[in-house]
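Please open the structure in a viewer and keep the selection tool at hand. The tour below proceeds from loops to a helix.

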Amino acid sequence: MLKKFSKFEEILLVLSLAVMVALIFGQVVGRKVFDSAPSWTEELARYIHIFQVWIGASYAVKLRQHIRVEAFITRFHGIFRQILETLSIIIWFMMALFLAVFGTQLVLSSLKHGQLAPAMQIPIWIAFLAIPLGGAGMAIRLIVQLVEVWKGNYEKPADEEMIA
């Protein structure tokens, strides 16, 4: 099930990037060629980018591509390394859980107050929904990562490694 979710995330991230680039390109062409561009394209591109960041953060946990200092922790092996990795993941998990819980509260509060986006006039809770989705996605992936650490696997998945 997680593999299907990962594939969905990949497709969503790629397609949303293409849409965002098209919107920004249209905004630039509208400004430079026609001296006028609809404001909703800029706002939609911003909301798409917000979703990309939060969904991408969850996907980066799967790939173990988040920024972290490894110069210290990679010097250790065995049970001590497992303990250090576990502590790191637990702290990160608590942050992700915090984002999921308080992000949900933000969505519900925005839904209750009926706040609308200025240009597109869509409910702003739709944009805020990215926060709890990203937080929950990271939390789930961190649990999987914790299991992997206790199996002795500290490295990034070779079949999923990103090329920098």
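Begin by selecting R64, which is found in the loop between α2 and α3 (78-113). The model is a predicted one. The phi of R64 is near 55 degrees, a positive value in a residue other than glycine. Most residues other than glycine have a negative phi. Is R64 buried or exposed? The relative accessible area of R64 is 14%, under the 20% cut-off, and therefore R64 counts as buried.

Next, select D35, in the loop between α1 (2-34) and α2 (39-63). Its phi is likewise positive, near 55 degrees, and D35 is not a glycine. With a relative accessible area of 69%, which lies over the 50% cut-off, D35 is classed as exposed.

Now select helix α5, residues 130-150. What end-to-end distance should its 21 residues span? At 1.5 Å a residue, the expected span is 30 Å; the end C-alpha atoms of α5 are 30 Å apart, so the two values agree.

Within α5, colour the buried residues, among them A130, I131, P132, G134 and G135. Further along the helix, the buried set also includes G137, M138, A139, R141, L142, Q145 and V149. To see what covers these buried residues, display the surrounding elements, which include α1, α2, α3 and α4 (125-128).

Finally, move just past the end of α5 and select G152. This glycine takes a positive phi of about 100 degrees.

Definitions and conventions
Residues numbered from 1 in each chain as written. Predicted model: local features only at pLDDT ≥ 70, side-chain atom pairs only at ≥ 80, totals over all residues. Heavy atoms only, no water. Helix = DSSP H or I, 4+ residues; strand = E, 2+ residues; numbered from the N terminus. Buried < 20%, exposed > 50% of the residue type's maximum accessible area, 1.4 Å probe, protein only. Expected span 1.5 Å × (residues − 1). Contact = heavy atoms within 4.5 Å.
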